Amino acid sequence: MTVVGLLVAAGSGERLGAGRPKAFAECAGRPLLEWSLDALSAVCDRVVVAVPPALEGEDPGWVAGAACRSGSVRAALSAAPEAVLAVVHDAARPLLTPGLVESCLAALEEGWDGAVAAAPLTDTLKETRPGETRVVRTLQRRGLWAVQTPQVFRADVLRAALEVDEETLAGASDDASLVEAAGGAVRVVEAPAENLKVTSRLDLRVAEALLRERKGGAEAGSPSSPAAAARA
Ligand code: CTP
Ligand code: MG
């Protein structure tokens with residue numbers, strides 16, 4: 001079964017403010033996207049990377065992303081007609097491991113349409129009305145998960161789920177929600193705590209420390225793709 005990785009890296013990274021698209025910000029000695037590209041490449045037959053449109057084609061695996069995240073997933077999937085299984089991952093999560101991808105893929109073998117990395121919530125959740133500070137209720141935390149990537153799917157199910165209008169696509173906070181809306185059965189796979197997402201400068205510092213710890217000091221990565229290195 002052909003497994004294709006879809007690495008979404010087309011966001012601008014406004015909240016990080018690195019002066020370049022977030023996926024190309026330096027993290028522990030190499031562009032952020034290269035860390036998760038390595039982990040995906042260890043498991044997938046091929047990886048398609050959705051990049052900002054100006055970088056399309058600079059590397060053979062790079063396709064133009066879209067204005068919204070799920071649009072970028074759709075663009076990457078369109079470039080992988082051979083995919084039987086699709087592994088969607090955010091370049092913003094550089095601590096991905098091949099083991100986590102494999103755990104999600106193993107879950108699909110049980111017959112699910114999708115399997116998503118997730119962490120059980122640890123904070124207490126309170127709800128206010130939008131724009132207000134008064135607490136209207138405290139939510140039951142049991143059974144709630146913070147969902148991450150990787151998210152793996154049967155590719156035909158994901159293709160069909162992404163065939164929605166632009167507004168629905170832009171409103172989707174993840175791809176699994178589109179699969180669920182189309183009637184697909186999705187399960188969570190508990191992820192290790194370190195599979196964090198880089199949104200802010202602080203996240204980048206934490207990710208960098210963890211990656212250096214994982215790889216060991218100065219060896220912590222050298223650019224593996226000439227095109228990506230050129231952009232670093
Ligand atoms: N992404 C994408 N295409 C978009 C928007 C986001 O491929 N149109 C990707 C990002 O590159 C990132 C992942 O989706 O790897 C998660 O998005 P997010 O963390 O929000 O990244 P950015 O959109 O780049 O950051 P910001 O929202 O701060 O601008
Ligand atoms: Mg964003």
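Q: A molecule sits in a cavity or pocket if more than half of its atoms lie within 2 Å of the grid points of that space; by this rule, where does ligand 1 sit in this predicted model?
A: Ligand 1 sits in the largest pocket, so more than half of the atoms of ligand 1 lie within 2 Å of the grid points of that pocket.

Q: What is the volume of the largest pocket, and which residues of its lining are closest to the centre?
A: The volume is about 650 Å³, and among the 29 lining residues those closest to the centre are G11, R15, K22, R69 and K197. Two elements, α2 (69–78) and β10 (145–154), each give two or more residues to this lining, and β10 gives the most, with four.

Q: Which residues come nearest to ligand 1, and how do you know that they count as near?
A: V8, E14, R15, K22 and S72 come nearest among the 18 residues around ligand 1; they count as near because each has a heavy atom within 4 Å of the ligand.

Q: What makes the approach of G13 to ligand 1 a polar contact?
A: A polar backbone atom of G13 is 2.9 Å from an oxygen atom of the ligand, and the cut-off for a pair of N or O atoms is 3.5 Å, so the pair qualifies. A nitrogen atom of ligand 1 likewise lies 3.2 Å from a backbone N or O atom of A67, while an N or O atom in the side chain of K197 is 3.2 Å from an oxygen atom of the ligand. The protein covers 87% of the 570 Å² of accessible area that ligand 1 has on its own.

Q: How many residues of each class are found in the shell around ligand 1 and in the lining of the largest pocket?
A: The shell around ligand 1 has eight nonpolar, four polar and six charged residues, whereas the lining of the pocket has 12 nonpolar, nine polar and eight charged residues.

Q: What is the omega of the peptide bond from T149 to P150, and in which strand does P150 lie?
A: Omega is near 15°, and the bond is cis; P150 lies in strand β10, the element that gives the most residues to the lining of the largest pocket.

Note on methods:
Residues are numbered from 1 along each chain as its sequence is written. Chains are lettered from A and ligands numbered from 1 in the order in which they are written. This is a predicted model: local features need pLDDT of at least 70, side-chain atom pairs count only at pLDDT 80 or more; totals for chains, interfaces and linings use all residues. Side-chain values use heavy atoms; hydrogens and water are left out. On a 1 Å grid over the protein atoms alone, a cavity is a set of points where a 1.4 Å probe fits but cannot get out, and a pocket is an open set with protein on both sides within 12 Å along at least five of seven lines; lining residues have an atom within 4 Å of a point. Grid points are joined across faces, edges and corners, and a volume is the space filled by probe spheres set on the points. Ala, Val, Leu, Ile, Met, Phe, Trp, Tyr, Cys and Pro count as nonpolar, Asp, Glu, Lys and Arg as charged, and the others, Gly among them, as polar. A polar contact is a pair of N or O atoms within 3.5 Å; within protein, one must be able to donate a hydrogen and the other to accept it, and residues adjacent in sequence count only if both atoms are side-chain atoms. Accessible areas come from the Shrake-Rupley method with a 1.4 Å probe; for residues, only the protein chains shown count as cover.
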